[in-house]
Amino acid sequence: MSEPADTQLVPPSSVVLVSGGSRGLGLAIVTDLLDAGVRVAAFARTITPELEKLAAEHPDRVHVGSVDVTDLRAAQSFVREVEQRLGPIDGIVNNAAMGQDSLHAHTATEDIARIIETNLTAPLQLTRLVIRRMLAKGLRGRIVNITSICGQRGFPGLVAYSATKGGMDAATRSLARELGGRMLVNSVAPGFFASEMSAVLGPTQLDQIVRRTPTGHLTEPVEVTPVVRMLLREHTNINGQVIVVDGAASI
Ligand SMILES: NC(=O)c1ccc[n+]([C@@H]2O[C@H](COP(=O)([O-])OP(=O)(O)OC[C@H]3O[C@@H](n4cnc5c(N)ncnc54)[C@H](OP(=O)(O)O)[C@@H]3O)[C@@H](O)[C@H]2O)c1
């Protein structure tokens, strides 16, 4: 990769914080970034054996922690630990989220509040926390929000979830403008892929999604990770965008 001469360009991220890096897409992103030589900090409420194994294999390049993304104080101390272990954070992947499987009329008030807190409020707070530190240090960097095709298309049973994903896509655009090119801010919006979150979908729903997908299969995490890596690492002028990775299922 040849480096553009313009020093105003946002450099590739070298220390990336991945929320929800313990399984599913988050774990695939952590693995892919490590393969690309990036130093990675990952957290989730429960550290899985897979994430523990990566930390043991790359003790100098991985820092993991058990943190609830809705606990701002815990997130703050994790960020400080990461900076001591790996150096200043210059990339964030907001990936942690919870799913939903309930018609809106039947979703309890507390459940709506919890989905919004986990999927919208917490990533906004985490982003604020990290970019304040980056700006204070004069660092430039990259932010990737993992959203969903549900932010743009309707799916029954996912009303509050879809609202949070659409909200993060809107935040992506405004933050990209607000940061004035000091950081590149983008969303990656995958179609449905197999994970603990999507396990609530029955075989009929999954068949229906596959039938509607021109590429003929559900999205795989490995089909999403190169896009996330590109947004964090390549010299591009992509900023404030939502990149859909769904095999054209939603077209
Ligand atoms: N699966 C799909 O079909 C699909 C489609 C489009 C977009 N997405 C998006 O892709 C991302 C990853 O989804 P996935 O399917 O890989 O989900 P997943 O397998 O359920 O993994 C979610 C990750 O987030 C963590 N997490 C959840 N709540 C958390 C909290 N309160 N604090 C800290 N960590 C938390 C989980 O760990 P703990 O539970 O241990 O905390 C786990 O590491 C999400 O943003 C999701 O909305 C998924």
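Two strands are said to pair if DSSP finds at least two bridges between them, and the legends below use that idea for a structure that is a predicted model.

**View 1. Strand β1 and its partner strand β2.**
Strand β1 covers residues 15-19, and it is mostly covered by its surroundings, since five of its five residues are buried. In a regular strand, the side chains alternate between the two faces of the sheet. In β1, Val-15, Leu-17 and Ser-19 point one way, while Val-16 and Val-18 point the other way, and all of these residues are buried. Strands β1 and β2 run parallel and are joined by five bridges. Within this pairing, Val-18 has Ala-42 of β2 as its bridge partner. The two strands, together with helix α1, make a right-handed β-α-β unit.

**View 2. Strand β1 and its partner strand β4.**
Which strand pairs with β1 over three bridges? It is strand β4, made of residues 91-94, and the pairing is in the parallel sense. Here the bridge partner of Val-18 is Val-93, so that a reader who follows Val-18 through the views will find it listed with Ala-42 in β2 and with Val-93 in β4.

**View 3. Strands β2 and β3 with helix α2.**
Strand β2, which spans residues 39-44, runs parallel to β3, and five bridges join the two. One position to look for in this view is Ala-44, which stands opposite Ser-66 in β3. Strand β3 takes in residues 62-66, and because four of its five residues are buried, it is largely enclosed by the rest of the structure. Helix α2, formed by residues 49-57, belongs with β2 and β3 to a right-handed β-α-β unit.

**View 4. The ligand and the residues around it.**
There are 28 residues around the ligand, and those that come nearest are Ser-22, Arg-45, Asn-95, Tyr-161 and Ser-195. Sorted by character, the residues of this shell divide into 12 nonpolar, 11 polar and five charged. Several distances can be followed between oxygen atoms of the ligand and the protein: an N or O atom in the side chain of Arg-23 is 3.1 Å from a ligand oxygen, a polar backbone atom of Thr-46 is 3.0 Å from a ligand oxygen, and a backbone N or O atom of Phe-193 lies 2.9 Å from a ligand oxygen. How much of the ligand does the protein bury? Taken alone, the ligand exposes 880 Å², and the protein buries 96% of that area. The elements that give two or more residues to the shell are α1, residues 24-35, and α5, residues 159-178.

**View 5. Gln-152 and Ala-248.**
Gln-152 is found in the loop between β5, residues 141-146, and α5, whereas Ala-248 is found in the segment after β7, residues 242-245. Although these two residues are 96 residues apart along the chain, their C-alpha atoms are separated by 13 Å. Are they buried or exposed? A residue counts as partly exposed when its relative accessible area falls between the limit for buried, under 20%, and the limit for exposed, over 50%. Gln-152 is therefore partly exposed, because its relative accessible area is 38%, and Ala-248 also counts as partly exposed, because its relative accessibility is 29%. The backbone of Ala-248 deserves a second look, for this residue has a positive phi of about 70° although it is not a glycine.

Conventions
Residues numbered from 1 in each chain as written. Predicted model: local features only at pLDDT ≥ 70, side-chain atom pairs only at ≥ 80, totals over all residues. Heavy atoms only, no water. Near = heavy atom within 4 Å. Polar contact = N/O pair within 3.5 Å; in protein donor to acceptor, adjacent residues only side chain to side chain. Areas by Shrake-Rupley, 256 points an atom, 1.4 Å probe, with all protein chains shown as cover. Nonpolar A, V, L, I, M, F, W, Y, C, P; charged D, E, K, R; others polar. Buried < 20%, exposed > 50% of the residue type's maximum accessible area, 1.4 Å probe, protein only. Right-handed = clockwise from strand over helix to strand, strands pointing away.
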